[in-house]
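Reader: I'm new to this and keep tripping over the vocabulary. Could you show me a structure and tell me how each term is earned?

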Amino acid sequence: MTKSRKRPLELWHLISIAITLLYLLFLIVPMFNILKESVYENGRFTLKYFIQFFSEPYYFNTILNSFKISIATTLFSLLVGVPLAYLYNLYRIHGRSVVQVLIILSSMSAPFVGAYAWILLLGRYGLITKFFAELGIALPSIYGFRGVVLVLTTRLYPLVFMYVSGALRNVDNSLLEASQNLGVSGVKRFFKVVVPLCTPSILAAALMVFMRAMADFGTPLLIGEGYRTFPVEIYKQYVGETSQNYNFAAAISVIAIVITAIVFLVQKVASEKFSFKMNALHSIERKKAKPVTSFFIHAYTYIVVAISMLPQVYLVYCSFRNTNAFGNFTKGLSLNSYKNAWKYVRTALPNTLIIGLSTMVIVVLMSILIAYMVVRRKNTMNNVLDTMSMIPYIIPGSVIGIALVLTFSKGWLVLTGTMAIMIIAMVIRRIPYTIRSSVAVLQQIPITTEEASISLGASKLKTFFKVTTPMMASGIVSGAILSWVSIITELSASIMLYSARTQTLTLSIYVLVSRGTDGAACAVSTILLLFTVISLALFMRVSKNKDIVM
Amino acid sequence: MSINIIIKNAVKRYGDVVIIPDLSLDIKKGEFFTLLGPSGCGKTTLLRMIAGFNTIEGGDFYFNETRINDLNPAKRNIGMVFQNYAVFPHMTVRGNVAFGLKNRKMSKEEIKKRTDEFLELMKIKEYENRLPERLSGGQQQRVALARALAVHPDVLLMDEPLSNLDAKLRVEMREVIKEIQNKIGITTVYVTHDQEEAMAISDRIAVMDKGVIQQIGTPKVLYHRPANLFVATFIGKTNVLDGKIYEENGEKGVMLENAKFPMKNLNDLAVDGLNVKLSIRPEEFVICEHGCGSLKGIVEDSVFLGLNTQYFVRLESGEKVQITRESSIEDTIEKNSEVEISVKTDKINVFSEDGQRALIG
Ligand SMILES: Nc1ncnc2c1ncn2[C@@H]1O[C@H](COP(=O)(O)OP(=O)(O)O)[C@@H](O)[C@H]1O
Ligand SMILES: [Mg+2]
């Protein structure tokens, strides 16, 4: 008998130690600091802020409001997205690919930019509001709860659409035919067969929408007015309307994390209960609907797409409108706004590129390494790493922002105000998603392919670079492009961390909007949109299956 | 440079679950050796222990005199062929075949020459610049085989290489594999759960069940003289019947219902009155309408298969047996007719009641 010998310390061990240390330094310690800050004031333990939060309705309501908004947004997103995915995948629709591109595009803008555009359209002095006012019709106010839900829904229903479309692609045509044979068709089939088949995806999408709505910060800030949600409250406490109160901001953060964690766990349990595997031998054939039905299908699809694209289109239009010296719109068209915006774009554009690209490179590298260790080299340390890498998933961006400020504004490593802290925040926010998608890609690759390489004499490292990585490539590149898009439109963490030197395009828009410089804001938004469109086009070319999961 | 493989007392555990308790094997130089057994019996596990992809919890593995337990899989000079082909999807056919050669110190010309040689041998030269996704399953498996053999491995390991192919291709490819193996003379360990495939291709077969080798032998021996009831039923078709040993006037035999069949080859374990299991293959029965045997039965069904006809007969005891008889034009045993049956006593196998031990020889 031989005992299996202990292997010497391999390169992979060093890598997993290094990554673990990075996580400790940039995620665990900051999170711990948030926790500490929430219960320690001037070196003494106190629950004062938690008590204050739960005893004063003003604060407690922010959580309730966030819940109301998230639930409403989730419901509306499902109501819009599920039928849309159903119609899109079961029936022939003219301009299919354009429809899909536009749906995806509308999910890619920064939510607060959408909010801003809606204000320009439906706000007090909005285009549509004025139009109806002239007809003597007063439109309901867009500010507050309604506006937030509208903006978030138009931005988040595409997630539902994409998840459910993905599920429908795995539904075998024979299942639909069988149900028709058994006398279940039309609307009944939708509810009795299609929805249950897509339940796992619907649940996953619902969670995604819920989490995003919950954590979104820019939309309620801009359009919520008196309607306060907790990410806004954290920010207000942090910048200090009256006085800065990190302790209180931290306490709210802790409460927020606990809530999102509970939601996450509940969804996890629920989706495990509903999970099953599908694999379509024959994908669903898209049918041509009867003329009348077809009319309604097209009407529904086009209207949804039009509404969700409207803000973007209007912003582009506004960017070319003439402006006066204060940046307010006047009659006629001009490039004034771009001239005014140039001052901001000049620094914001390079910043955006540097932050976006560095984040993307770091995220991709770390995701490949972590995915490889989690899937192919299971051990305790890598399992811990796996769990740790999922933590940011449940932490709102603004909380990550505060945690980093608390940790890196003093002590041996001061990073506040630097580009580095922005990149770190972006990496933390993005990495759970890219790791998940890299893990999914790697799980599709049979381990025997790597074993074949090793048995042919290639070392493990060579196998990783020559076989594993190239096979993961297309999945990873498309994931990277999606990361890029969400990085350049990120607001909630970066707003806590930016300085004059590290302002990005998205932050510039925010600054311009809050100063009321509408023209320039529209111009920068248009530039950002252009980037997004180019990235999306790139994505479409790279990813073969066009299956987007964000 | 073919080698022989010796495995002594191999143990494999996953956590607390023992998959292979204690397994020993001796595979000869240049032999086509097959691990055969039902799904989940540990064939792949054992093969991957030889390849170095599984940890070894106990025992010794040798290639010739070299103990390989702790040898890096990349250094074992093994060619492997997998069930899912495992060709590299991002490399051309040529790139796949040349991959292993590039890991060795070989000149460009040598690599090209060797690659060409194996592309031609496996008849895939015409696809050399294609990516695998544009090849059929059979062609992909040819690429995998060419890739594995091009490095001149000491051992060729194959894990169910044909099970993803359709029936016709499976037969074709198994001939290709056998022919190439013969030509190169490489020691080959082949894994399959398909007994027919194993019989067709192997020099010797190890029949495994639950991580334990039940019998090692040539296809002929396994078929005719299985070591236990498991092997008898796993290899080929057989009827298992309850019987009893009798001993009369110094003559031994088996008693089936009330019919006595004297046998010359029973061993000492077969003592008078012992309950036994009989394994009688369909062709080891003799069936006729009258005058050929002492067992009686009724034909419930028959299937004409050209060369043979299969009869499904219910014996008087109620047991159902399948009997094969060469077809003939005046074959007229009708359904529901009474028949007489005898057995070819020199061919049948007798096992202890628990099926563990053979009572022949
Ligand atoms: N990585 C593993 N962890 C735990 N059990 C395993 C693992 N791989 C295989 N097994 C178990 O070992 C047994 C033998 O598996 P395997 O060698 O794949 O069977 P075969 O190839 O004969 O079908 C099975 O019961 C299987 O469940
Ligand atoms: Mg197997």
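Author: Sure, let's start with one term: a polar contact is a pair of N or O atoms within 3.5 Å. Keep in mind that this is a predicted model.

Reader: How do you know that B:K43 makes a polar contact with ligand 1?

Author: Set the value against the cut-off. A backbone N or O atom of B:K43 lies 2.9 Å from an oxygen atom of ligand 1. The limit is 3.5 Å, so the pair counts as a polar contact.

Reader: And what about the side chain of B:T44?

Author: An N or O atom in that side chain of B:T44 is 2.5 Å from an oxygen atom of ligand 1. That is within 3.5 Å, so this pair passes too. For B:T45, a polar side-chain atom lies 2.4 Å from an oxygen atom of the ligand. As for cover, the protein hides 56% of the 560 Å² of accessible area that ligand 1 has on its own.

Reader: Which residues are around ligand 1?

Author: They are B:Y14, B:I19, B:P38, B:S39, B:G40, B:C41, B:G42, B:K43, B:T44 and B:T45. Each is listed because one of its heavy atoms lies within 4 Å of the ligand. Helix α1 of chain B, residues 43-51, gives the largest share of this shell, three residues. Sorted by class, the shell has four nonpolar, five polar and one charged residues.

Reader: Now the two chains. Why is the pair B:R48 and A:E451 called a salt bridge?

Author: The term asks for a side-chain nitrogen of Lys or Arg within 4 Å of a carboxyl oxygen of Asp or Glu. The side chains of B:R48 and A:E451 meet at 2.5 Å, N to O, so the pair fits. The count between chain A and chain B is one salt bridge. On chain A, the elements that give two or more residues to the side touching chain B are α18 (447-455) and α19 (460-488). The largest share of that side, seven residues, comes from α18(A).

Reader: How many residues of each chain are in contact?

Author: 20 residues of chain A are in contact with 31 residues of chain B. The area buried between the chains is about 2,100 Å², and carbon and sulfur atoms give 59% of it.

How values were computed:
Residues are numbered from 1 along each chain as its sequence is written. Chains are lettered from A and ligands numbered from 1 in the order in which they are written. This is a predicted model: local features need pLDDT of at least 70, side-chain atom pairs count only at pLDDT 80 or more; totals for chains, interfaces and linings use all residues. Side-chain values use heavy atoms; hydrogens and water are left out. A polar contact is a pair of N or O atoms within 3.5 Å; within protein, one must be able to donate a hydrogen and the other to accept it, and residues adjacent in sequence count only if both atoms are side-chain atoms. Accessible areas come from the Shrake-Rupley method with a 1.4 Å probe; for residues, only the protein chains shown count as cover. Helices (H or I, at least four residues) and strands (E, at least two) are DSSP runs, numbered from the N terminus. Ala, Val, Leu, Ile, Met, Phe, Trp, Tyr, Cys and Pro count as nonpolar, Asp, Glu, Lys and Arg as charged, and the others, Gly among them, as polar. Contact means heavy atoms within 4.5 Å. Buried area is the accessible area (1.4 Å probe) that two parts lose on being put together, summed over both.
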